[in-house]
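Colleague: I'm new to reading folds, and I'd love a close look at one part of this model. Could you walk me through the sheet and what lies around it?

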Amino acid sequence: MNATASPSPLIETLTEVNLVDLLDAIGLLRLRRTPLRRLFVPAARRFARTANEFDSRVGAQGLAQGSAWLVDRMTAGVVSAGLEQVPTQGPVMILANHPGMTDTVALFSCLAARPDLRVIASDRPFLRALPHVARQLIFLPDEPGGRMAVMRAAARHLQEGGALLTFPAGDIEPDPAVFGPQRAVASLQNWSSSYTLFARLAPQTRFVPALVSHVISADAQRHPLTLLRRTARDKEKLAAALQVALPRYHDVVARISFGQASFAGPEGAKALGATIAAQMRQLILTAPVDDRRVQALPPLRAGQARSPLRGP
């Protein structure tokens, strides 16, 4: 492509969405409609081009291979354990924690054996702007009235033998490798139990818990610029923006551990929820932790930012 050519409409759309997110992370959203916004356009457009290339690769190669390309650009790799627990055929629901950053694409890249994977995600402009990625998503609207349609679509996919990925917390959760296992275990209390309804709607479904860790850069969390933000939430948002923008924070090696596949069984939904929670707790407590990093970080806030990828 000619370097002097105008960006495509899709890249312009992605740039604008990224620009708003970047200004918000820095605490300068008031500059959105001023000439000073131009100072941040190059950084926003760089990530827009990366996102566009990611989407193109998903369209040409599939979600797993497209995600592997993005993981290679944004991290130092992915290490998985227990992948053999994920059925290669038949209905399966994967229930994952959601520390943010590259956790989703790391999961996608590991699940190449399930090209039928669909993901429950909040309806957000950035995701809608990625046409090939959007086809893999079941969008969850903000208004409660739209949730039944999501449940029906997800159940239908499972009834047809498909694979489904959901994030029951609905919000960003603490990375156990960075913020400590105790905080990660505590976040399980925020998991919605609505996924257990699928045991009744699609009785043959197997449920597999997945723990993602080591996706947050502790060094980015300690960047001096984060001192400019007052609240813990704002500090973390800025640290996330820095981790995306600066290659020196791409040295993280994401780790994904899958638990055992479970049926609901005769005990029903309540027992299934207890089984999944117990497995997640065990996965968290046995995950590798860098104690020096955990101790160096400030306390994690009680509430987390809303995530675009969430459970029903």
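Along β7, which side chains point to one face, which point to the other, and which of them are buried?

Modeller: Happy to! Two notes first. This is a predicted model, so to speak, with local features needing pLDDT of at least 70 and side-chain atom pairs counting only at pLDDT 80 or more, while totals for chains, interfaces and linings use all residues. Residues are numbered from 1 along each chain as its sequence is written, and side-chain values use heavy atoms, leaving out hydrogens and water.

Now to your strand. In β7 (254-258), the side chains alternate: Ala-254, Ile-256 and Phe-258 point to one face and are buried, whereas Arg-255 and Ser-257 point to the other and are not buried. Buried here means under 20% relative accessible area, with exposed over 50% and partly exposed in between (1.4 Å probe, protein chains only). The strand labels come from DSSP: strands are E runs of at least two residues, helices are H or I runs of at least four, and both are numbered from the N terminus.

Next, the sheet around β7. This is an open sheet of seven strands with mixed pairing, in the order β1-β7-β6-β2-β5-β3-β4. β1 (78-81) and β4 (137-140) stand at the edges, and each has a single partner strand, so one side of each lacks a neighbour in the sheet. On average, neighbouring strands of this sheet are turned by 20 degrees against each other, direction ignored. Such angles are taken between N-to-C directions and run from 0 to 180 degrees, using axes that are lines fitted to C-alpha atoms, for helices over the stretch in contact.

You can follow the order strand by strand. Strands of a sheet pair through backbone hydrogen bonds, either parallel or antiparallel; here, two strands count as paired if DSSP finds at least two bridges between them. β1 and β7 run parallel and are joined by four bridges, and Val-78 stands opposite Ala-254 in β7. On the way to β6 the sense changes: β6 and β7 pair in the antiparallel sense over four bridges, with Leu-211 opposite Ser-257 in β7.

β6 covers residues 206-213, and Ser-213 belongs to this strand. Ser-213 counts as buried because its relative accessibility is 3%. Not counting residues up to four places away in sequence, Ser-213 touches Asp-175, Pro-176, Ala-177, Ala-254 and Arg-255; a touch, or contact, means heavy atoms within 4.5 Å. Two of the names in that list, Ala-254 and Arg-255, are ones you met in β7.

Then comes β2 (residues 92-96), which is mostly covered, five of its five residues being buried. Val-92, Ile-94 and Ala-96 point one way from β2, Met-93 and Leu-95 point the other way, and all are buried. For β7, by contrast, Arg-255 and Ser-257 are not buried. β2 runs parallel to β6, with five bridges joining the two, and the bridge partner of Ala-96 in β6 is Ala-210. β2 also pairs in the parallel sense with β5 (residues 163-166), over four bridges; there, Met-93 has Leu-164 as its bridge partner.

Towards the β4 edge, β3 (residues 117-122) pairs with β4 in the parallel sense over four bridges. Within this pair, Ser-122 stands opposite Leu-140 in β4. Packed on the sheet is helix α4 (residues 103-110), which touches β1, β2, β3, β5, β6 and β7 and whose direction makes about 55 degrees with that of β7. Another helix, α7 (residues 147-159), lies across β2, β3, β4 and β5 and runs at about 160 degrees to β4.

To round off your tour, here is a pair of helices packed on each other. The axes of α2 (residues 41-61) and α3 (residues 63-74) come within 6 Å and cross at roughly 150 degrees. That makes α2 roughly antiparallel to α3, since angles over 145 degrees count as roughly antiparallel, those under 35 as roughly parallel, 65 to 115 as roughly perpendicular and the rest as oblique. Among the residues that meet are Phe-54 and Val-58 in α2 and Trp-69 and Leu-70 in α3.
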